[in-house]
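Here are my notes on this one, jotted down while going through the model. Have a look at the structure first, then read on.

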Amino acid sequence: MTSANDQFPLPANVRLIATDLDGTLLRDDKSVSDRTVSALAAAEEAGIEVFFVTGRPARWMDVVSDHVHGHGLAICANGAAVVDLHAGGKLIEARPLERETALEVVRTLRDVAPGTTFAVELSTGIHYEPGYPPFHLDPGATVATAEKLLHEEGPGSGAPVLKLLAHHPELTPDGFLVLARTAAGDLASFTRSSPTTLLEISGKGVSKASTLALCCAEREISSDEVVAFGDMPNDVEMLTWAGTSYAMGNAHPDVIAAASGRTVANNEDGVAVVIEQILAARRA
């Protein structure tokens, strides 16, 4: 792998940039640097579309909503939702995890990894079990067992389930991921983006890559015309699918192995560094 500052061949036919947020576009303090804001705007001005592709739900997209140009769309919840940031995060398309399937995943993980606790991410908000450690306390959340949360008459009745989250207090993050995929990989898609032992579970075949591919097909953009950036295992499929991809300097080893190139860390504006080089190569 090479860094963005090495002589890595830059693609000449870029039509779309797909970037993860946390640990990638955002600095560790969750800010978007002035340099990155300028690079994103310059890419759009050059006719390159920018898609934010994140594990975040739409309600956590305020950190970048002011920096979306053109189409205004973002891919959230690891591909389970396409939202319009120009319309306050309005859900445009959902690729849900069916509730019965989610219940089967819950039963399986309780069996193979006792002590697992769950949260349910709906298009309308998150709800969680009593023992689950949420990232952000949501005053509108219902606290109950996963079985009750996933019941058809549970909270958010009728709203699509975008993600099931599973936390374990003792297993290692990668160990839990391997265990879950082995036990229930035929039911759903499993990934992780947190440094803690927290799995993110989507409908079978739903990923950042598969939803990005659908969005690109609608625009008649091929994978060879896409440059992607990421740092954690939930980015691996997207980085593999894109014609050109960069692992951040702070990336997980699996991400480094999957990407075709490597840029500097998120706190050093690694995404902006590559965008600037792409635009400079175009001008030259």
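The points below cover helix α6 and then a pocket.

1. Ground rules. This is a predicted model, with local features needing pLDDT of at least 70, side-chain atom pairs counting only at pLDDT 80 or more, and totals for chains, interfaces and linings using all residues. Residues are numbered from 1 along each chain as its sequence is written, and side-chain values use heavy atoms, with hydrogens and water left out.

2. The buried side of α6. In helix α6 (residues 208–218; a DSSP run of H or I, at least four residues), K208, A209, T211, L212, C215 and C216 are buried (under 20% relative accessible area, 1.4 Å probe, protein chains only). They sit on the same side of α6 because they cover an arc of only 165° around the axis (directions from the helix axis to the C-beta atoms).

3. What that side meets. The buried residues of α6 pack against the strands (DSSP E, at least two residues) β1 (16–19), β2 (49–53), β3 (73–76), β4 and β11 (226–230), plus α7 (236–241). Facing away from the buried side are A217 and E218, both exposed (over 50%).

4. The ends. S207 caps the N-terminal end of α6, with a side-chain oxygen 3.2 Å from the backbone nitrogen of A209. After α6 comes E220, whose phi is positive, near 55°.

5. The second largest pocket. Its lining has 20 residues, with P57, A58, R59, G89 and S123 nearest the centre. β4 (81–84) and β6 (117–122) each supply at least two lining residues.

How values were computed
On a 1 Å grid over the protein atoms alone, a cavity is a set of points where a 1.4 Å probe fits but cannot get out, and a pocket is an open set with protein on both sides within 12 Å along at least five of seven lines; lining residues have an atom within 4 Å of a point. Contact means heavy atoms within 4.5 Å. A polar contact is a pair of N or O atoms within 3.5 Å; within protein, one must be able to donate a hydrogen and the other to accept it, and residues adjacent in sequence count only if both atoms are side-chain atoms.
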